[in-house]
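Thanks for coming. I will go through one model this morning, from the backbone details up to the helix packing.

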Amino acid sequence: MKTLCPTDPAFHDKDLSVFEKPVLGSLPPFGKQMRSAFALNPDCLFMNGASVGSLPKYVVESFEYYSRCSEYNPDKFLDYDMRPLFYATLERINPYVGCKDFSQLTFCPNGSNALNTVLRSLDFDKGDAIVRFSTTYGGCYNAISYVCDRTGATPVDIPINLPCSNQEILDGAKAAIERIACNPDLKLKFAVVDMISSIPGMVLPYKKLVEMLKEVGALVFLDGAHALGQIDINIDESDCDFFTTNTHKWFYSKRGSGLLYVAKKYHNIIQPLTISWAYKPSQGWNEAFFWQGTNDYSAYLSINAAIDFVEQAGGIQKIQSYGHNLAIEAGALLSELYGFEPISDALNEEQVGSMVNVKLPLQAGNPRHDKVGEILSQVLVTKKRSSGYAFRHNGAWWIRLCAMIYLEKEDFDEFGKLLTNTIDELLAES
Ligand SMILES: Cc1ncc(COP(=O)(O)O)c(C=O)c1O
């Protein structure tokens, strides 16, 4: 008989052994063959797989299994079994983000929730500056605007115009920090730094940015929404005050699952968006996050299945290097065969995680071209059985593609043809 562990519902309630826990068999190799292990429509070419996540079948089945367990004896499961499962799962995911004292870590449904939780727990006043970047994820950008509108704090945008070097990004940040320091009416209080920006999908020089911002006394929220599964994360080594990552993007858990880290010294300040029974709990800070009103926890528990999957696939390092190498190869292929030039040249390979951003043959500012750029993502999804995130940045049109483990070079070739034909069609129609 298989030994049960603290992340198994039946470990806490033997009655739950009536449900068979899904078994993860051996997995096919990365590339096209891996597609059979995913719940995705096999007739589609998914190039935007990390945007809202794309799930292995095993994770879908495990999510359903956790959901069944929670419905068997709901009072018992939620009131008594779920708490130890919650903490055992936190303990299990913790090594992937490098936070030795995981009492500083809790689950959150997504990165937007994590940033809102932190921003709305802090006091801001007129004269406080909140730093964000021109590439900050739109939802997070708006969360800062909202806090500033309510409190009179001032948002300060640091421009990032890619392609550019990491040094240029750091120089821009330094100049903005100095401008704030020279303004007697402003004090830099808070900053959001992306580990990997959303659009363009690029690894930013986040370590140095955190360092610079901490040096001038800012509280730093490190946004790793896209980080887990693309690049190494080590919270303890980073000097950030707050951190989030989604597990549902590149780590294959059910959507609606992620992590929020809050350094211990802020535990008396940072409280969940929903205050419920565990306000100022004696059991510790993350207890307040555990119970934010009645909810379902199956998505958080699916992180266990995601870890099983990652381990069975050969580990996180193998997944990350596959994605990185494929993103580089895909950029070269799309440029050579189809003229879609990647945003980051070979000199800036450190800016590439597992996403590739290539330039589209559309002129920004040309109304006909802009119209095509604006509808391209939608057309790819609704009419072409594919996907890709088209966006305007630094005076040009680009598309962001995700090098997931179920794709290979040939898929990018197929996509290059599809994209060329789609743009030609749309231009002819406009
Ligand atoms: C950099 C970044 N931060 C935050 C988020 C928000 O994540 P979610 O939509 O899961 O709240 C995203 C989403 O793509 C993101 O790319």
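Where is the place of Pro200? Pro200 sits in the loop between β4 and α7. Keep in mind throughout that this is a predicted model.

I start with that proline because of its peptide bond. Most peptide bonds are trans, and most residues other than glycine have a negative phi. Ile199 and Pro200 are joined by a cis bond, with omega about -10 degrees. There is another cis bond from Leu162 to Pro163, where omega is near 5 degrees. Pro163 is in the loop between β3 and α6. On the phi side, look at Tyr252, which is not a glycine and yet has a positive phi, near 70 degrees. Tyr252 belongs to the loop between β6 and β7.

Now the chain as a whole. Its secondary structure amounts to twelve helices and ten strands. The radius of gyration is 22 Å, close to the 22 Å that the globule rule gives for 430 residues, so the chain is as compact as a globular protein of that length. The C-alpha trace spans about 65 × 60 × 35 Å along its principal axes.

Next, the sheets. Strands of a sheet pair through backbone hydrogen bonds, either parallel or antiparallel. One sheet here is open and has seven strands, in the order β1-β7-β6-β5-β4-β2-β3, with mixed pairing. At its edges are β1, residues 105-108, and β3, residues 154-158, each of which pairs on one side only. From one strand to the next, the twist averages 20 degrees.

Within that sheet, take β2, residues 128-133, and β4, residues 187-194. These two are parallel and are paired over four bridges. If you want a landmark on the screen, Asp128 has Lys187 in β4 as its bridge partner.

Which helices go with this sheet? Helix α4, residues 111-119, packs on the sheet and touches β1, β4, β5, β6 and β7. The direction of α4 makes about 165 degrees with that of β6. Helix α5, residues 138-151, lies across β2, β3, β4 and β5, at about 165 degrees to β2.

The other sheet on my list has three strands, in the order β8-β10-β9; this sheet is open and its pairing is antiparallel. The edges are β8, residues 355-359, and β9, residues 389-393; each has a single partner strand, so one side of each is left without a neighbour in the sheet. The twist here averages 30 degrees from one strand to the next. Five bridges join β8 to β10, residues 396-402. Among the bridge partners, Val356 goes with Leu401 in β10. Helix α10 packs on this sheet, touching β8 and β10, and makes about 15 degrees with the direction of β8. Helix α11, residues 367-383, lies across β9 and β10, at about 155 degrees to β9.

That leaves helix against helix. Two packed helices are described by the angle between their axes and the distance between the axes.

How do α10 and α12 cross, obliquely or roughly parallel? The axes of α10, residues 316-338, and α12, residues 409-429, come within 9 Å and cross at roughly 40 degrees. The two helices are therefore oblique to each other. The crossing is right-handed. Residues of α10 in the contact include Leu326, Leu333 and Tyr338, and those of α12 include Phe412 and Thr420. By class, the contact has seven nonpolar, two polar and three charged residues.

Compare α6, residues 166-182, with α7, residues 206-215: their axes come within 10 Å and cross at roughly 15 degrees. That makes α6 roughly parallel to α7. This crossing is right-handed too. Leu170, Ala173, Lys174 and Ile177 of α6 meet Lys208, Leu209 and Met212 of α7. There are five nonpolar and two charged residues in this contact, and no polar ones.

The last pair is α3, residues 74-93, and α9, residues 298-312, with axes 9 Å apart and an angle of about 40 degrees. These helices are therefore oblique to each other. α3 passes α9 in a left-handed crossing. Among the residues that meet are Leu85 and Phe86 from α3, and Tyr300 and Ile307 from α9. The contact divides into seven nonpolar, two polar and one charged.

That is the end of my list.

Key
Residues are numbered from 1 along each chain as its sequence is written. This is a predicted model: local features need pLDDT of at least 70, side-chain atom pairs count only at pLDDT 80 or more; totals for chains, interfaces and linings use all residues. Two strands pair if DSSP finds at least two bridges between them. Axes are lines fitted to C-alpha atoms, for helices over the stretch in contact, and angles run from 0 to 180 degrees between N-to-C directions. Two residues are in contact if their C-beta atoms, placed from the backbone, lie within 7 Å. Angles under 35 degrees count as roughly parallel, over 145 as roughly antiparallel, 65 to 115 as roughly perpendicular and the rest as oblique. A crossing is left-handed if the near helix is turned anticlockwise from the far one by less than a right angle, and right-handed if clockwise. Ala, Val, Leu, Ile, Met, Phe, Trp, Tyr, Cys and Pro count as nonpolar, Asp, Glu, Lys and Arg as charged, and the others, Gly among them, as polar. The radius of gyration is taken over C-alpha atoms; the globule rule is 2.2 Å times the number of residues to the power 0.38.
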